Amino acid sequence: MSAPPANHPPEVLKGRYSLRSWLFMVFGGFLIVMFVTISLIRSFGIPWIGLNGSYQDIQAHTVEEFNLLADLKKEHLQLWLRERRSDLDLLAKNQDMVQAVGIINQAHRMGMELAELLPLAEYRLLESRLRATVSQYPSLTALHLIDPVSMMIVVSSSPKFLQRPPANEAKFVRFVHSTRPNGSWFVAGNEPDSSHMKLARRLKDPAGGTMPLAVLVSQVNIEEILLPMLHTGRGLGTTGEVILVNHNQQILTPLKHMLSAGKVAQVGDYRIEDLSATLASRGKEGLLFTDDYRGVPVLACFRHIDIDGDVGWGMIVKQDMAEIDALAWQRLRMSSLVGLAGLFFALVGSALFARYLANPIRSLTEAATRLSKGDFSQRVQIRTNYREVVELSTAFNSMTERLSNWDTALHHEIAIKTRQLTDELNFRKGVEEALKESEQTLTTIFDAANDGILVADAETLRLTRGNKAICEMLGYSEEELEGVSVNDIHPPEDLPHVIAVFEKQLRGELTLARDIPVQRKDGSHFLADISSSPLLLFGRPHLLGLFRDISEQKRAEAERDRLMMAIEQSGEAIIVTDAQGNIEYVNPMFETVSGYNRKEAMGQNPRILRSGHQDESFYREMWETLVCGLTWKGRIVNKRKDGSLYTEDTTISPVFDSTNKIINYMALKRDVTEHLLVAKEKANLEAQLRQVQKMDSIGQLAGGVAHDFNNMLGVILGYGEIILSELPPGAPLREDVMAIVDAGRRSAALTRQLLAFSRKQTMQPEILDLNAVVLDIESMLCRLMGEDIELEKQLKAGLFRVKADLSQIEQVIVNLVVNSRDAMPDGGKLIIATDNVTVNKAFARNHPGVQPGEHVLFSVTDTGHGMDEETASRVFEPFFTTKVLGKGTGLGLATVYGIVRQSDGTIWASSQPGMGTTFSIYLPKATEKASAKPVTDETPKPKQGVRGENILIVEDEKTLRDLLRVSLSKIGYTITEAADGNEAIRLIKEKGLKPDLVISDVIMPGISGSQLAQHIREIHPDTKVLYMSGYTGDTIAHHGVLDEDVHFIQKPFTLKQLAAKVREFFVADEPTAGS
Amino acid sequence: MNRSQSLLVVTFILCITAGFALFVMTSLEPETKSPLLTYEDLSSHPIYSTYRFSPGDKTVRIGIQPFWVYGANIAEALRHDRLLAAELEAIGMQVEFHSFLKGPDINYFMTRDQLDVGMSGYLPTLKMTTLKNTLVPATIDRNYFDIIARNSLTIRDLEGKKIGFTPGSDAHHALVEALELTGTTARLIPLNIDAIVKAMGDGQIDACVSWEPITSQLLSENWDAHVVYRSRWITFLYFRGDFAETHPRAVHSLMAAQARAIRWINSDSDNLALSSSWAIDACRQLLPDSPPFSLPYFIKWSRQAGTLSNTSRIFTADLDDGQFLHNAFTFMQKQELISADAQWQKTRAMFDTQQLASILENPDEWRLNTFDYAVEEQRP
């Protein structure tokens, strides 16, 4: 084995410290740091984690002791004060004493001198009591009895005080005039006594006066009694003291220390200004680190002494901080000395330990140094008990052995590696050729690429190379391109943005820069997506940029956006589904119409809108149309998300792709629900209007027929009655004539109903309470209904009044009840109800004929078989009936209709088959008040005979005129006839006719009945007129209501009715009996 | 481990530490609102809105505070005093008691003429004198507010810490005055008295100002807390001025009943215990969910309070300028708790010491030493 050739000796590195020194420094340093840290923590804690050290513990302990001491002294003082007060109480409540005080005080006030008082037994009693008390309680130095009037000490335990005013007279006076039973105050040291505290007790005047009988005052020496008491207990060191202050912070006990100027503070005079005194005097309690009256830092504990509100003192227990800290520091010093001794021994131990550990390492170091100089024969022998050191020396010896072997093998290895290097050089030549071929291929791809490719110098930003595509995009030739700057191929105003984007790409934060503006050689612009990456070419950093012209793509996107906007803002709902019918898009109008938002609709099938109104065949047919590629149009009732239905006109078209395959369906939907509702409502209103117009036309027709028909009936009935009166009883023709008269009467009834329906009946309206009307005819209605039908009344209290003809209203009720009864052949229930309702404009608009405002609702409801819609729509038509032939005339409800309409009301029937029927009548609330009916004299007037009164009959129908003439002549009247009004006037004017009564038709050729009456009254104002008519029109009545003072008889009438009516005129003129 | 790895580890440890510190600080952020504190319009208060006040012409309506040792004892004694009921009945009147959480609440209803008599601390009493003509003839008790704190030896150690208090109460005044006098700046957290106990227990506040029985409860539940400061309080019995003018006999009967109650409670331990159990029941009725007070403790606190308050006389020295009540009045003006125009002399004149003196001097006439309390009756 030979050492390796060493042209340059290896550098010998020398460490700064020996291992032994290093170990000593580390262990020793660690111990010192640990010691200092632990000592500091132990002494001062770690405040910010709340760990207290010895210093804080000592301080806390001192604070605790101070607090306990202050509480103890406060308790002690309060207890002591209460005891002294109790002493006085005991004395004050002693009856003997009170009695004696009264006597002595009285004598004193009467001017008796002390010498005169002394011998009195009461005085001696008092004096001995006071002395005994003082001797019994060592804490008292004196006891006095003071007269509150003379303000003198009258009796005292000590004679030196007698006949003297009480010390601190002002406080005494204040106490005497207060209501307090007890008092206390301090007195500064004066002759004949030193500083003391006084405790006072009122002796109540048995006579009940506001002034006390006397005041008992005890005296306590402060320095001898109070101070020792306050300073008992825990020692306060050389600097500690207890101070009492009053509420003005004036000291009540002497201070231990002199004031800063060397002065001595005077009890009761000197005022302590420090914080603890301020707090104590204000009734606060606590502890503070503060400065005392000398300005020295102290620990001060302050307490408030309060006994029943009479005593309000502050107490301060304090000690100088220096003294407290001195104690703390002394403890800390001792503790630190012990610690330092421990540290010294620990350092010595660490030095020995370091030496013991470092020796084997030193032997190894020396052997290794020799090994490094080429001596591979080095071996070490270490004697030690440590396994690690033995293992280290063994490993060292093994290492030197192996190094020796490696040295031999290394020479052989170098020869082999030289050969391998030659082979490697040959291989690399081959690789370089392959690379050239690869570069050529890449250049071909570079030029053939559709996207523009640019290479630019990263430092100069000059373009170094570009492919054909980029040359075409930019308008440069390949030669021109080289040397063009990157700044030249982007608009100058966009350059900062473009450069920022490129920098991001080069940092790897962005892979593709979109919408980058690029400038052509001619200055025009286009947008491109650019991908840039760094490239190292010829050892210089370059940029490689791939450009894709996206101008065309942008145009297409803009077009698509415009279309999308139009769809989004469309006023019609639009749905786009895929070929399977799953919703891929809905526009906002769809959300508005259907209630489904876009998120909810997406992915769903439009069948979520199905309402069930269309059957499966409907949808099948629709799909068949769509699948064939055709457009489907139709109206669909769909269901919204909230369950409500709506109707829409729908157009669904398939959407094809370029291969003519259906890829989507698009549905255009217009909500026509509102439109349909409006149309339906309009149709309903038109139907109702038509119904009203039809009823009016029928009424007009019926009224016209009734006029002539009544005239004829009048003739039939009149002559029939005349014949009957002429025929003897039992004559064979009598029954036939009676049949004629009966038919005539029934025909008259029919015409009356027709007139009622046509609202041409004359009426005499009055203010009515419908509730009263119902109750009046209730018994009759019950008879009409029979026993199988139950009548229930639901009459509204406080019902509005209506204006109507009573008899007509009764007829209305009867007709409705009869109609209901007929609808309930097997019995049932009939409800008559009244209520006050207010018709609003909307209701009025939907119910032709009803005016807005307050109305009375009168309804009749039955539980009968009801009606279908068509029947209900015709129920008020005259002669319309569902009853079997002969069971009804078909005029009952028509009459009701006419009367209600004539009374300015409306009537509506609501019914369903099997569900009964309700007739609802709305009558307007009467604005007038009901007029009191005149009290009529019911006493019948005596019958008077006819005295040939002159009657003029004016009637264009000759047969009727003849009938009247014959009939009235028979009764005894003198009759003159006229065929029309003009003839009647002629008779009066030219022939001097002066009729007592004119009976005139109303509607005649020429002048009407009312015009005739006007002419006659101009000539003969006293002549009376009786109109007769089957149909009056508006000549003497307005809407059926007769004008005032108009007398009228409805055609057809019987002769008896006419005679009675005529008689009324003449009876009214006859003088009554006795007048 | 190389340098960068070491840096990473150190950064990680710092982040963990900062996160933990942030979490601790956030979790200590106190709830500054108590649910019952936010009612300015007390007509919608969840408790008071259930009260029905009788018409005032025939009923003396008294506002009391059950959460008040000794004050509650006296109030409950008045409630059970048959002599008082009989005296009022003789003049055609009856008495009605309503419980409240704090004095300002009583004033709210007195200003609306729904209460005639109040029993409150000195701050609400002074406030009332500035709102309406008021008669203040007697004190209820004298005691101390306590500032209780953790990890603090003196009040100055509360610098920068969170202190819970009941706004508008006497304790509020005591706390602010203490901080001002000692030059300490702290974060004041307004809380109702029931919330203070919880906040202190949860460690959400570092200190609080309280009174018995809350103080003892806090000290027993928080072993590491102790009293660092105490401030004297006085409480008063006061009447609406118009009521006192129209019903002088009722006013005197109530004052006599209060004096009688003090004598009755202090005359026998059983009486003290009975009045304490009444007071605990009243607390439970007012706030059923509040922590229950132990009867022995309540008796103990009442005894302590009774020792300090065996007279109901008003100490006139407290009314002198620069003294206790005058200082409190000035404080209220400074804190804008009362109007800046309020005049101390006007308030001073509403404190009457003569009426009580005349009653106390005639114990037989006013039956101050005759006791008849409805011990077997349940509260209506």
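These questions and answers walk through the contact between two chains and some side-chain pairs in a predicted model.

Student: How many residues does chain B bring to the contact with chain A?
Tutor: Two chains make this contact, chain A and chain B. Chain A gives 29 residues. The number from chain B is also 29.

Student: What area do chain B and chain A bury between them?
Tutor: The size of an interface is often given as the accessible area lost when the parts come together. Here 50% of that area lies on carbon and sulfur atoms. The total for chain B and chain A is about 2,600 Å².

Student: Which three residues supply 20% of the area that chain B buries against chain A?
Tutor: No other three residues of chain B supply more of that buried area. Their share is 20%. They are B:Leu153, B:Leu181 and B:Phe315.

Student: Which salt bridge has A:Lys284 in it, and what is the N to O distance?
Tutor: Side chains of opposite charge can pair when their charged atoms come close. Across the interface of chain B and chain A, the rule finds two salt bridges. In one, the side chain of A:Lys284 meets that of B:Glu177, with N to O at 2.4 Å.

Student: Which element of chain B gives the most residues to the side that touches chain A?
Tutor: The interface also holds eight residue pairs in polar contact, both residues at pLDDT 80 or more. Several elements of chain B supply at least two residues each to the touching side, including β4 (134-150), α6 (170-182) and β8 (225-240). The top contributor gives five residues, and that element is β8(B).

Student: How many charged residues are on the side of chain B that touches chain A?
Tutor: Sort that side by class. Nonpolar residues number eleven, and polar residues number ten. The charged residues number eight.

Student: Which residue in β8(B) is the bridge partner of A:Glu285?
Tutor: Strand β7 of chain A spans residues 284-291. This strand pairs with β8(B) in the antiparallel sense, over three bridges. Within β8(B), the partner of A:Glu285 is B:Arg230.

Student: What does B:Asn327 contact on chain A?
Tutor: B:Asn327 sits in helix α13 of chain B. With 18% relative accessibility, B:Asn327 falls under the 20% cut-off, so the residue counts as buried. Leaving aside neighbours within four places in sequence, its contacts include B:His173 and B:Gly322 on chain B. The contact on chain A is A:Arg282.

Student: Which backbone oxygen does the side chain of B:Asn327 reach?
Tutor: The distance is 3.2 Å. The backbone oxygen belongs to B:Gly322.

Student: Why are A:Asp87 and A:Arg84 separated by about one helical turn?
Tutor: The two form a salt bridge, with closest N and O atoms 2.9 Å apart. A:Asp87 is buried at 9% relative accessible area, and A:Arg84 is buried at 7%. They are about one turn apart because they are three residues apart in helix α2 (residues 54-92) of chain A.

Student: How many residues apart in sequence are the parts that A:Asp457 and A:Arg540 tie together?
Tutor: Their side chains meet in a salt bridge, N to O at 2.9 Å. A:Asp457 lies in strand β10 and A:Arg540 in strand β14 of chain A, so the pair ties together parts that are 83 residues apart.

Student: Is A:Asp457 buried or exposed?
Tutor: Its partner A:Arg540 is partly exposed, at 33% relative accessible area. A:Asp457 has 7% relative accessibility, and that counts as buried.

Student: Is B:Lys198 buried or exposed?
Tutor: B:Lys198 meets B:Asp202 in a salt bridge, 3.1 Å from N to O. The two are four residues apart in helix α7 (residues 193-202) of chain B. B:Asp202 is partly exposed at 43% relative accessibility. With a relative accessible area of 52%, B:Lys198 is exposed.

Student: Which residues do salt bridges that share partners join into one network?
Tutor: Over all chains the rule counts 58 salt bridges. The residues joined through shared partners are B:Arg61, B:Asp113, B:Asp116, B:Lys132, B:Arg240 and B:Asp242.

Student: How far apart in space are A:Leu755 and A:Thr895?
Tutor: A:Leu755 is in helix α19 (residues 734-757) of chain A. A:Leu755 is buried, with 1% relative accessible area. In sequence, A:Leu755 and A:Thr895 are 140 residues apart. In space, C-alpha to C-alpha, the distance is 8.1 Å.

Notes: Residues are numbered from 1 along each chain as its sequence is written. Chains are lettered from A and ligands numbered from 1 in the order in which they are written. This is a predicted model: local features need pLDDT of at least 70, side-chain atom pairs count only at pLDDT 80 or more; totals for chains, interfaces and linings use all residues. Side-chain values use heavy atoms; hydrogens and water are left out. Contact means heavy atoms within 4.5 Å. Buried area is the accessible area (1.4 Å probe) that two parts lose on being put together, summed over both. A salt bridge is a side-chain nitrogen of Lys or Arg within 4 Å of a carboxyl oxygen of Asp or Glu. A polar contact is a pair of N or O atoms within 3.5 Å; within protein, one must be able to donate a hydrogen and the other to accept it, and residues adjacent in sequence count only if both atoms are side-chain atoms. Ala, Val, Leu, Ile, Met, Phe, Trp, Tyr, Cys and Pro count as nonpolar, Asp, Glu, Lys and Arg as charged, and the others, Gly among them, as polar. Two strands pair if DSSP finds at least two bridges between them. Buried means under 20% relative accessible area, exposed over 50%, partly exposed in between (1.4 Å probe, protein chains only).
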